[in-house]
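Hi,

Here is the structure I said I would pass on. Have a look at it first, and then read on for what turned up.

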Amino acid sequence: MDIAAEYNNRAMVPDHAKIIARWHADAAAYREKHPGELDIVYGARPRNRFDYFPGRGGGGQGALIVYIHGGYWRSFDKPVFSHVAGPANAAGFDVAVPGYTLCPEVTVSDIIDDLRQCCLFLGQRYGRRLVVTGHSAGGHLAAAMAATDWQLYGARPDLIQACLSISGIFDLRPLMATPFNDDLRLTAVEAATASPLLWPMPNRMPFESWVGAEESFEFRRQARSLAAAWQGLGLPCRYEECPGENHFSIGDMPSRADAPMTERLLALARA
């Protein structure tokens with residue numbers, strides 16, 4: 001198996017540039033109609049900001065949905081993904097879209113710490129539990145939030161109500177053999193430390209792992225791995241392959257109100 005090819009999503013999806021361009025356009029259009037509250041500071045680094053989009057009717061009720069963007073921990077920023085808030089906002093749920101510092105400026109473990117800081121801030125500011133979701137690197141970071149022992153940070157242990165990960169990577173060790181590691185700078189220790197698959201699972205919550213059926217074997221294996229491991233620990237878990245979806249097209253699904261994934265995300269937020 002060519003590990004580098006298995007993790008090279010852009011090479012596997014020739015029209016990825018068109019999909020990414022659509023994300024930019026759809027996100028800008030959504031902010032124009034639903035400006036929300038942008039660039040709320042949660043930490044000291046320049047990218048420690050989040051955008052907040054209140055639900056229809058003023059929101060403020062039920063779980064707060066947190067969408068974490070992807071980009072292999074080294075690209076993109078929150079303004080590219082504002083539109084994912086659309087279906088949740090229409091259903092009355094508030095959505096936060098955080099930014100975070102990117103590699104190689106920091107390590108993946110530093111990014112996990114950024115998102116922990118953000119989740120703590122959200123919990124304190126809005127006084128609600130969180131449903132975390134995210135795509136690709138964001139799927140990894142969402143799972144890392146779900147597997148965090150929040151009592152160690154002085155927060156309620158059930159800060160995270162549920163997690164839905166989209167095309168996440170949960171064992172980072174294979175990435176050491178790819179060109180992406182030029183930016184990620186993973187050592188054996190860092191890769192293990194930043195891999196939720198290798199952590200204890202301190203929280204009991206629903207966990208769902210979704211992936212495109214047209215994604216590489218490795219991405220599908222990664223998506224199965226954490227759902228299987230946590231199900232073995234007694235958590236209510238679900239693994240779902242989406243027919244016809246590749247690594248980039250599946251990133252559109254949270255912005256589509258009629259997508260089964262969106263329906264599940266809203267169901268997790270209602271629970």
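Which residues do ring pairs link into a cluster? They are Trp-23, Tyr-67, Phe-76, Phe-81 and Phe-248. Before going further, please keep in mind that this is a predicted model.

**The aromatic pairs**

Searching the whole structure gives 15 aromatic pairs. One of them is formed by Tyr-30 and Phe-53, which meet edge-to-face, with 5.9 Å centre to centre and 65 degrees between the planes. Tyr-30 belongs to helix 3 (residues 16-33) and Phe-53 to strand 2 (residues 49-53), so this pair ties together parts that are 23 residues apart in sequence. Tyr-30 and Phe-53 are both buried.

Another pair to look at is Tyr-72 with Trp-73: this one is tilted, at 5.9 Å centre to centre and 50 degrees between the planes. Tyr-72 is buried, and Trp-73 is too.

**The sheet**

Next, the strands. Eight of them make an open sheet with mixed pairing, in the order 1-2-4-3-5-6-7-8. At the edges you'll find strand 1 (37-41) and strand 8 (237-242); each has a single partner strand, so one side of each has no neighbour in the sheet. From one strand to the next, the twist averages 20 degrees.

If you zoom in on the strand 8 edge, you'll see strand 7 (residues 207-212) running parallel to strand 8, with six bridges joining the two. Glu-208 is the residue that stands opposite Arg-238 of strand 8.

Helix 10 (residues 260-270) is worth finding too. This helix lies across strand 3 (64-68), strand 5 (130-135), strand 6 (160-166), strand 7 and strand 8. Relative to strand 6, helix 10 runs at about 170 degrees.

**The cavity**

How many cavities of 30 Å³ or more does the structure hold? Just one, and the space in the largest cavity comes to about 70 Å³. Its lining includes Ile-65, Tyr-67, Val-84, Ala-85, Thr-133 and Pro-254. Tyr-67 may ring a bell, as one of the residues in the ring cluster.

Which helix gives the most to the lining of the largest cavity? That is helix 10, with three residues. Strand 3 and helix 4 (86-90), like helix 10, each supply at least two residues of that lining. Thr-262, Leu-265 and Leu-266 are also among the lining residues, if you want to pick them out on screen.

That's the tour. Shout if anything is unclear.

Cheers

Notes: Residues are numbered from 1 along each chain as its sequence is written. This is a predicted model: local features need pLDDT of at least 70, side-chain atom pairs count only at pLDDT 80 or more; totals for chains, interfaces and linings use all residues. Side-chain values use heavy atoms; hydrogens and water are left out. Two strands pair if DSSP finds at least two bridges between them. Helices (H or I, at least four residues) and strands (E, at least two) are DSSP runs, numbered from the N terminus. Axes are lines fitted to C-alpha atoms, for helices over the stretch in contact, and angles run from 0 to 180 degrees between N-to-C directions. Contact means heavy atoms within 4.5 Å. Rings of Phe, Tyr and Trp (its six-membered ring) pair if their centres lie within 6.5 Å; planes under 30 degrees apart count as stacked, over 60 as edge-to-face and the rest as tilted. Buried means under 20% relative accessible area, exposed over 50%, partly exposed in between (1.4 Å probe, protein chains only). On a 1 Å grid over the protein atoms alone, a cavity is a set of points where a 1.4 Å probe fits but cannot get out, and a pocket is an open set with protein on both sides within 12 Å along at least five of seven lines; lining residues have an atom within 4 Å of a point. Grid points are joined across faces, edges and corners, and a volume is the space filled by probe spheres set on the points.
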